[in-house]
Amino acid sequence: MFDLPTIWAGLLALAIFIYVILDGFDLGIGIVFPFLSSDKDRDTAMNSVAPVWDGNETWLVLGGGGLMAAFPLAYAIVMPALYAPFIIMILALVFRGVAFEYRWRDKAHEKIWDRSFFFGSLIATFCQGIVLGAFVQGIEVNGRAYGGGWWDWLTPFTVTCGIALTAGYALLGTTWLVLKTEGDLRDQAYRLARITALATLVFVGVVSLWTPFLSPEIAERWFTFPNLLFVMPVPTLTAILAAILGWSLLTKRDQVPFPTTIGLFALCFAGLGIGIAPYIVPRAITIQEAAAPDASLSFMLVGAAILLPLIIAYTAYSYWVFRGKVDPEAGYH
Amino acid sequence: MFESFDALILARAQFAFTVMFHIIFPAFSIGLASYLMVLEGMWLKTNNAVYLNLFKYWRKIFAVAFGMGVVSGIVMSYQFGTNWSVFSDKAGPVIGPLMAYEVLTAFFLEAGFLGVMLFGMGRVSKALHFTATVMVAFGTLLSATWILSVNSWMQTPAGYGINDVGQFVPEDWMAIIFNPSFPYRLVHMVLAAYLTTAFVVGAVGAWHLLRDRTNAEARKMFSMAMWMAAIVAPIQVVAGDFHGINTLEHQPVKVMAMEGHYESHPDGAPLYLFGIPNEEEQRLDYAVGIPKASSLILKHDLNAPLAGLDTVPDELQPPVGIVFWSFRIMVGLGTLMVLVGAVSLFLRWRGRLYDAPLFHRAAVAMGPAGFVAVLAGWVTTEVGRQPYTIYGLLTTSDSLAPVAPPAVAASFLAFVVVYFALFGFGTLYILKMMNKPPGSLEPLDEGPTRTAGTTGLASLRPDALPAE
């Protein structure tokens, strides 16, 4: 049961989940950036993530590198299949990444870099949603290579996933701002969080109902007995967390919305896992088929077992150093 | 419009373009991270504010360069899959874990402590802050170690087997990591990164000495940089020689191309200083050379025989012209670096290091020399190992993903436009920061040392560029 490929599939899923949460909130801040009312608010919002965004994006590199290392066949199929969304996502990440430094360095062109930050964050997020959707709907495989067309990734379902993820990241970003800021900016964040929470829940609902209709195999997992009993906690807990989120946003409990949103993401992630396992390229290649030899997986596992806890520890420490409400005047710039 | 292009050429062009842009930033940030560590360490040891001012000055520049390195690096980690998927499938079990170790040991270390290094002064103790700086520097070196191990394995593969679906699989990790060319390549590249940074720091110091030779920070950084040039440049020559001899042993065809040796020399090969490689006729036109000197350098024997490209089938030869010239650019710049170091020692001995405008101008001109030399060196080694991605085992054309030419052409075009625009701005900002005299705006520039709650002058953002 817990052989090396399964362990690595779990570790990669964990890395991707950590990425989604961490870069999710700083991408989300980019998505709501133009909706903040003043330059000073934008400065504060950006400062709240400036010390941590590099680290957040490193999880994406781990996701890509880890997939190549542990499941080279899956990497070799998925990347060409999703060529356009991946390239566009990477370019968009370049646009938003440089904005962190550039907008302080060049006040004359601050507006350009604000737009670069906004569009970069928005497009990168949307492309990640497309990637997710294309992955769930299935990838055509021919031998050891991608066998589909160049536009297979663009369907109503993938676009809906793109919108859902955009709403979700915006929710993570705004609830992060609720946690990290004070005064008027916090009030703006609450207003934006209520809108994005509603949008997130609606689109997550649409995607969840749509997914089982993509393939009878997924439908069977969700709608047959006794699977039904096993998977029921996912929608039930989602409904409970949604209620907590709504309550905390309306009664302004600063500490509650962000962790609750993380919980919602975790449940969506679990729901996806139920639809995808045991495949790594859905309904074409299983985890076992794509796995690198045990000699590769065990060599990496030694490192991961020692290093991942360390990484999580010093990442947590870095967040601890910058804990609490962010000072609107601070920043090394 | 792109149908006439070959997907292979386009994918190679895109990889070459993105990796050449990328390597500029790590080449600088590896050296700069170590320099920042030395500056902060010296400040803690001597309590001399000049070191702290220099630390803050270069830290801002580091932040911009590092940011550009991160985002251009993400491109690399996905491009293996999008454009070179067959290579990824075949080599993934061997090089994938090494790259995963790079991410786990190095990237997280750098990124995790970068925030504390950039923003944490005043929030954490001096000792902890210094620890963060040390971790960032250590991370950049670890990163170089792993990725050079990967690259070296592709040049001199070892410790692998091949399974029934044609994948390279690991058999001996120690042999894979410490493959034959790895130690030489690692030393050569880390020294190159240090030299690159030294010449940038030296150029900035010289630039400000030309304006005001009493500026204490400018004097200090110029002096430190010239020590590096004087000590490291000669060491690099020796390291480069060792690397060359290692290449001769494992990739002799690359050395033939570097040397322009189309014909074999049974009793002593000449060192060609100049010549125009003529691939059609397989000869070096207008050759100017020193008889037997190549055998002396490569074999340490005037009369040692050296085989030439006449022993290699045409289709297994790398593009000789590129390799021949890029190698000469690298060696030429290296020689100039040694010269700058030697002159600096002479001027220092005569007590005129800060009082030599002509030399300062030369140091400014040499500012970009390290970048050019690093790029030329990488072009030499990467073009020189063609037509293979995994030397002798997997050809470049067999590594390509099943991508359509229009898709690669479009992405290549997008990378060119975006990189030139965005990294052009970044370079401009770095140059503007370098143009600001070091130390001049300190007290005001106390951004990082303020604790939460204190408001102050820093909200004026003294180092922000004035609106134009």
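Buried area is the accessible area that two parts lose on being put together, summed over both. Keep that idea in hand as we walk through this predicted model, because it tells you how to read the first number: chain B and chain A bury about 7000 Å² between them. Of that area, 73% is on carbon and sulfur atoms. As for who takes part, chain B puts 84 residues into the contact and chain A puts in 68 residues.

Now let's look for charges at that interface. Side chains of opposite charge can pair when their charged atoms come close. How many salt bridges does the rule find across the interface of chain B and chain A? It finds 1. You can pick out a salt bridge between A:R144 and B:D89, whose side chains meet at 2.9 Å, N to O. Over all chains, the structure holds 18 salt bridges, so let's step into chain A and visit a few of them, beginning with A:D39 and A:K111 and what their pairing ties together.

A:D39 forms a salt bridge with A:K111, and their closest N and O atoms are 3.2 Å apart. A:D39 sits in helix α2 (residues 39–47) of chain A, while A:K111 belongs to helix α6 (residues 110–137) of chain A, so this pair ties together parts that are 72 residues apart in sequence. Are these two residues buried or exposed? Neither word quite fits: A:D39 has a relative accessible area of 33%, so it counts as partly exposed, and A:K111 is partly exposed too, at 41% relative accessibility.

Next, find A:R96 and A:E57. They form a salt bridge as well, with the closest N and O atoms 3.2 Å apart. This pair links distant parts of the chain: A:R96 is in helix α5 (residues 83–105) of chain A and A:E57 is in helix α3 (residues 53–70) of chain A, 39 residues apart. Why does A:R96 count as buried? Because buried means under 20% relative accessible area, and A:R96 comes in at 0%. A:E57 is buried as well, with a relative accessible area of 0%.

Stay in chain A for one further pair. The side chains of A:D114 and A:R103 meet in a salt bridge at 2.6 Å, N to O. Here helix α6 of chain A supplies A:D114 and helix α5 of chain A supplies A:R103, so the pair ties together parts that are 11 residues apart in sequence. A:D114 counts as buried at 8% relative accessibility, and A:R103 is buried with a relative accessible area of 0%.

It's worth lingering on A:D114. Which residues does A:D114 contact, leaving aside its neighbours within four places in sequence? They are A:F33, A:D39, A:R42 and A:R103. Some of these names come back in a network of salt bridges that links A:D39, A:R42, A:D43, A:R103, A:E110, A:K111 and A:D114. In other words, A:D39 and A:K111, the pair we visited earlier, belong to this network along with A:D114 and A:R103.

Time to cross over to chain B. Look for B:F55 in helix α2 (residues 49–83) of chain B. At 0% relative accessibility, B:F55 counts as buried. Leaving aside its neighbours within four places in sequence, B:F55 is in contact with B:L36, B:L39, B:E40, B:M117, B:M121, B:H129 and B:T133. For a sense of scale, compare the position of B:G384: this residue is 329 residues from B:F55 along the chain, and the C-alpha atoms of the two are separated by 39 Å.

Our last stop is a pair of strands in chain B. β3(B) and β4(B) run antiparallel, with 6 bridges joining them. One example to trace is B:L271, whose bridge partner in β4(B) is B:I290. The two strands make a hairpin with 4 residues between them, and there B:Q282 takes a positive phi near 55°.

These strands also show up at the surface. B:L273, B:F274, B:I276, B:Y286, B:V288, B:I290 and B:W325 make a nonpolar surface patch of about 690 Å². Which elements give two or more residues to this nonpolar patch? They are β3 (271–278) and β4 (283–290) of chain B. Take B:L273 as a sample member: this residue is placed in strand β3 of chain B, and its relative accessible area of 49% makes it partly exposed.

Notes: Residues are numbered from 1 along each chain as its sequence is written. Chains are lettered from A and ligands numbered from 1 in the order in which they are written. This is a predicted model: local features need pLDDT of at least 70, side-chain atom pairs count only at pLDDT 80 or more; totals for chains, interfaces and linings use all residues. Side-chain values use heavy atoms; hydrogens and water are left out. Patches are made of residues with over 30% relative accessible area and no salt bridge: like charges are joined within 9 Å, nonpolar side chains (Val, Leu, Ile, Met, Phe, Trp, Tyr) within 5 Å. Accessible areas come from the Shrake-Rupley method with a 1.4 Å probe; for residues, only the protein chains shown count as cover. A salt bridge is a side-chain nitrogen of Lys or Arg within 4 Å of a carboxyl oxygen of Asp or Glu. Buried means under 20% relative accessible area, exposed over 50%, partly exposed in between (1.4 Å probe, protein chains only). Two strands pair if DSSP finds at least two bridges between them. Contact means heavy atoms within 4.5 Å. Buried area is the accessible area (1.4 Å probe) that two parts lose on being put together, summed over both.
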